[in-house]
Amino acid sequence: MPVELGAARILVPASIRRGDVIDVRALVEHPMATGLFRDAQGNPIPAHFINDVSVTYGDHEAAHFVWSSGISRDPFVEFSLRADREAPLTFTWKDNKGGVFQQSVDIRFI
Amino acid sequence: MSAFSRRLFLHASGLAFLGVAARHLAALGRPRSSDDVPWKVQQVLKQLFGDRAVQHGHVQLDVPTVAADGRVVPVMIESDLPMAPDRYVKAVHLLVDNNPDIHLAEFRLTPQIGQAFVSTRIKMRMTSPVRAVVETSDGALWGAAADVRVTVNGCG
């Protein structure tokens, strides 16, 4: 399965009311190579993994994750968020080779 | 070497072997589980938290008992500790004893997160205890551990 590096999806509930604690799910396509595997020709596959994730809500950082290559391929994370204002929720994934991938979703109230 | 000393040697080595075997059998009888924290994991905990002790409780760790594929093992960590502006869970640490990288991930949270809950999918090299340690803003540490049996190596 080819990986489209950095393609990301963020899922938040369709209807949010002010003050709700909502469920946020995010997935980014990434090989998360540990550096311990070899390819079919026997050559080592170099380590290539996301090691830093920043989640900002409006202009504040709401969460920050530090990962090792032990997170599975196409890393998925789910957590909660107190939706107390209408603002963009932005994920920034950074990998050990300098790759930066970003995706946003707008938190809007009904 | 005379026949006498050779017999003596064989007897002695036989006894020594029995001694070692008995010790191994005793070790087999004792359940090795997440209750024992191996030295290598203690070192990682010391690096992360210094001499602060990890207490049991306030953390719920959901992992499968048996993971068919070590490349994708779902993990869910939840805590009933408050997420108030003055007192909150500031970090959730995930450790896997028998992985090449024991400290697998750290999730730093803020009161904005609303509820101390994190779910993800991890790789596991082999059967191992999985540990979650929750760190509060006032420095307290709460932990939970569970054993996961792995049948397919997910780390290489």
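**Close-up 1. A:V55 and its bridge partner in β6(A).** In this predicted model, A:V55 has A:F91 as its bridge partner in β6(A). The two strands behind this view are β3 of chain A, residues 50-57, and β6 of chain A, residues 87-95. They run antiparallel and are joined by seven bridges.

**Close-up 2. The hairpin of β3(A) and β4(A).** Stay with β3(A) and look at its pairing with β4(A), which is antiparallel and extends over six bridges. Here A:Y57 stands opposite A:H60 of β4(A). The two strands form a hairpin with two residues between them. In the turn you can find A:G58, whose phi is positive, about 65°.

**Close-up 3. β4(A) meets chain B.** β4(A) also pairs with strand β6 of chain B, residues 103-109. This pairing is antiparallel, with five bridges. Look for A:W67, which stands opposite B:A105 in β6(B).

**Close-up 4. The contact between the chains.** Stepping back a little, the contact takes 24 residues from chain A and 27 residues from chain B. On the chain A side, the elements that give two or more residues are β4 (60-67) and β5 (76-83). Sorted by class, that side has 14 nonpolar, eight polar and two charged residues.

**Close-up 5. A sheet built from both chains.** How many strands does this open sheet have, and in what order do they come? There are six, in the order β1(A)-β2(A)-β5(A)-β7(B)-β4(B)-β2(B), and their pairing is antiparallel. At the edges stand β1 (8-11) of chain A and β2 (59-62) of chain B; each has a single partner strand, so one side of each is left without a neighbour in the sheet. From one strand to the next, the twist averages 15°. As a general reminder, strands of a sheet pair through backbone hydrogen bonds, either parallel or antiparallel.

**Close-up 6. β2(A) beside β5(A).** Within that sheet, strand β2 of chain A, residues 20-28, is joined to β5(A) by eight bridges. The two strands run antiparallel. A good place to rest your eye is A:A26, which stands opposite A:V77 in β5(A).

**Close-up 7. Chain A as the setting for these views.** Chain A has seven strands and zero helices. The C-alpha trace of chain A spans about 55 × 25 × 20 Å along its principal axes. Of its 110 residues, 28% count as buried. Among the contacts in chain A with a separation of 6 or more, 58% come from residues 24 or more positions apart.

Key: Residues numbered from 1 in each chain as written. Chains lettered and ligands numbered in written order. Predicted model: local features only at pLDDT ≥ 70, side-chain atom pairs only at ≥ 80, totals over all residues. Contact = placed C-beta atoms within 7 Å. Helix = DSSP H or I, 4+ residues; strand = E, 2+ residues; numbered from the N terminus. Nonpolar A, V, L, I, M, F, W, Y, C, P; charged D, E, K, R; others polar. Pairing = 2+ DSSP bridges. Buried ≥ 20, exposed ≤ 12 C-beta atoms within 10 Å, placed from the backbone. Axes fitted to C-alpha atoms, helices over the stretch in contact; angles between N-to-C directions.
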